[in-house]
Structure formats: structure tokens, C-alpha cells
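Grab a pencil and work through these exercises one at a time. Try each task yourself before you read the solution.

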Amino acid sequence: MTTKPILSLALAALIAPAVAQAEQAYNAELNARLPEAIREAGSMIAVTNGSFPPYEFVEGRTHTGATADLAQEIAQILGVEITHATVAGLPALLTGIGANRYQFAMGPVGDFPNRREANDFVDWVQEYVVFAVQAGNPEGIVSLGTTCGKRIAVMSGGSAERVILAQSEQCEADGQPAIEVQSYTDQPSSILSVRSDRADAFFSSQAPLTYFVQQSEGALELTAVGQSNGFPSLMQGAVVPQGSPLGPVLRDAFQILMDNGTYEEIMTEWGLENNMIEAPGINLGEAL
């Protein structure tokens, strides 16, 4: 698997996709199904936490990555402008959508039933959760069960945080040391904690961790790959308010991109071909 030769977030914001996507045909039927307020405004705001490479990179007001590329294609299909807003952390993202400050998030955000109390998920990728550790894996972390007494970094408010906190309780119940859970609001801070030896591992989605490992020049490696690590089949997608007609519209727009090959082209361009799914869907995720 290969990724773009991106060396930093600042550089990522300046690099255009190596392969230009074809212009998407405007779909009047999907435009007519948009919520009236979006259709009248001719635009909608997609919120992001700005730090989920290779899906999302943000430098200043510039957004790039696979998510930004897909949003651009969907905007052409729907005939509306998609602008981007950035917030700190997943809780702020979900709260902002629930409060109607933003129309949606392109994500991908983990789709779990407990998150559907106020939101629907339009799933467009499948993800896996693994650990990034220092080269040589000095602490011997090879599974979720080998994290007792270790310092584990996670994204604040994310599903990995819930899993590692539950594992820490299990460690103590088994008479082993609790896990020192370090929660961060963004991916770069989390991975830096491992590189600077403040954490023994970063527990997160495989796609961004693969990116960070590839950019570490041999300083990091992945471990516990190919295991469930406390998760069911993990679907991720865009987020809309619960019951919003925008959800089915986005699903059908993603289907168009999958049918015409644009989805595969963009995902492959960003090294995400192993995260592709055959068809988008709404609320496909399973409970932890």
C-alpha cells in the first residue's frame, strides 16, 4: 500500500491530488431531495476535527485529504457548495451537528448505535483499530490484553478511548496494573506522545496510524494488526442529524461515485484501498 509523499501537515495542504478526478454530472433529482434550507442557500457546512490523515488535513483554512476530495465530487453532484469548519475533537463535532451549527460531517466517524441518539451515519469506509508503537515494540504490546500497566494514547471522546478504559477496568479486576490512559484532541499530539516516549502506544484507526508509521522514517511500527482489539465490524461514515433527508441524499451521491469509479480512484490515491466498501449505507455499524 502506498500513500502520497506527504512530509507534514503544512505540505499536505499544498499538494493537489496526483490524479485529477473527472467533473461530476449535476444530479437534479438529488438536489431536489436536499433539505430546503440547504437547497435555498446553495451551500452547506461540513465540520471536521481537522486531524485524521490521510482522510483529513487542515492547515489554516485549507482542507485536503481523501475526505476533502470526495466532498468536492459530491458538491458537484448535488449542485451546492460545501464549505468546511474545524472544531477541536469528536465530542465538539457531534455536538455541533446535533445543535444544527453544521449540516453534516463528511467524516469518516465511527458508526456506533450509542451515537445514533441524535445522529445518523452514512457509512462509506470500513476501519480497523490497532496500535502504533516505537520501532521494535519495546513494551511488547501485541494485543489489547497486553496493555495492562502501559501508557496508552487515544483520541478524546472516541470509541478507542471507551475500549481502552474498559480494558483498564478489566486489568484491575484481574489483579493487574491499570492502564495509564492519555486522551488527546488530535492525531498529531497523540502520535507525538509515542515518538517522545510519553506514551507506549497510540490506539486508533489503522488508516491514519499507517500514514504516521510510513512518515516516521522507521521510528514507529504497527502492532496487533488483524485482531478485533475490542471492536466489532467497524464502519465509519458521514454524520447528519438524526432523520435528516440529507442522509439518504449523501448515500446516493456516494453510490454514484462508487459506480463511476471516482470513489476507488480517490481512496487508492490516498492509500486507502483496504478500507473501501462495496456500497454505502446508513447506520451499518455494530455495537461495541
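Strands here are DSSP runs of E with at least two residues, numbered from the N terminus. Keep in mind that you are looking at a predicted model.

**Exercise 1. Place the cis prolines.**
Find out which residues the cis peptide bonds at P54 and P108 join, and where these two prolines sit.

*Solution.*
Step 1: Start with P54, which is in the loop that runs between β2 (51–52) and β3 (56–59). Its cis bond links it to P53, and omega there is about 0°.
Step 2: Move on to P108, which belongs to strand β6 (residues 105–110). Here the cis bond comes from G107, with omega near 10°.
Step 3: Put this in context: most peptide bonds are trans, and most residues other than glycine have a negative phi. That second point leads to the next exercise.

**Exercise 2. Compare two asparagines.**
Work out whether N137 is buried or exposed, then do the job again for N283.

*Solution.*
Step 1: Check the backbone. N137 has a positive phi, near 50°, and N283 has one of about 55°. Neither residue is a glycine.
Step 2: Locate them. N137 is in the loop between β8 (129–134) and β9 (151–155), while N283 is in the segment after β14 (276–282).
Step 3: Use the cut-offs: buried means under 20% relative accessible area, and exposed means over 50%.
Step 4: Apply them. N137 has 12% relative accessibility, so it counts as buried. N283 comes out at 24%, so it is partly exposed.

**Exercise 3. Follow M44 into the core.**
Say where M44 sits, and which residues it is in contact with beyond its neighbours within four places in sequence.

*Solution.*
Step 1: Find M44 in strand β1 (residues 43–48).
Step 2: Test for burial. With 1% relative accessibility, M44 counts as buried.
Step 3: List partners. Leaving out neighbours within four places in sequence, the contacts of M44 include I38, L78, V80, F104, L246 and L250.
Step 4: Pick L78 from that list and look from its side. Not counting residues up to four places away, L78 touches M44 along with Y26, L30, N31, L34, V249, L250 and A253.
Step 5: Zoom out. The largest nonpolar core has 53 residues, and L78 and L250 touch the most other members. There's also a second, separate core of 19 residues, with I141, L144, I152 and A201 among them.
Step 6: Link this to a general trend: in soluble globular proteins, nonpolar side chains tend to be buried together.

**Exercise 4. Judge the whole chain.**
Decide how compact the chain is for its 288 residues.

*Solution.*
Step 1: Count the elements: you should get 10 helices and 14 strands.
Step 2: Compare radii. The chain's radius of gyration is 19 Å, close to the 19 Å from the globule rule for 288 residues, so the chain is as compact as a globular protein of that length.
Step 3: Check the burial: 52% of the 288 residues count as buried.
Step 4: See how far contacts reach along the sequence. Of those between residues at least 6 apart, 78% join residues at least 24 apart.
Step 5: Finish with the surface and the charges. About 11800 Å² is exposed, and carbon and sulfur atoms supply 49% of that. The side chains include 13 positive and 33 negative ones, and the centres of these two sets lie 5 Å apart.

Notes. Residues are numbered from 1 along each chain as its sequence is written. This is a predicted model: local features need pLDDT of at least 70, side-chain atom pairs count only at pLDDT 80 or more; totals for chains, interfaces and linings use all residues. Side-chain values use heavy atoms; hydrogens and water are left out. A nonpolar core is a set of buried Ala, Val, Leu, Ile, Met, Phe, Trp, Tyr and Cys residues joined through side-chain atoms within 4.5 Å. Buried means under 20% relative accessible area, exposed over 50%, partly exposed in between (1.4 Å probe, protein chains only). Contact means heavy atoms within 4.5 Å. The radius of gyration is taken over C-alpha atoms; the globule rule is 2.2 Å times the number of residues to the power 0.38. Accessible areas come from the Shrake-Rupley method with a 1.4 Å probe; for residues, only the protein chains shown count as cover. Lys and Arg count as positive and Asp and Glu as negative; His and the chain ends are not counted. The place of a charge is taken as NZ of Lys, CZ of Arg, CG of Asp or CD of Glu.
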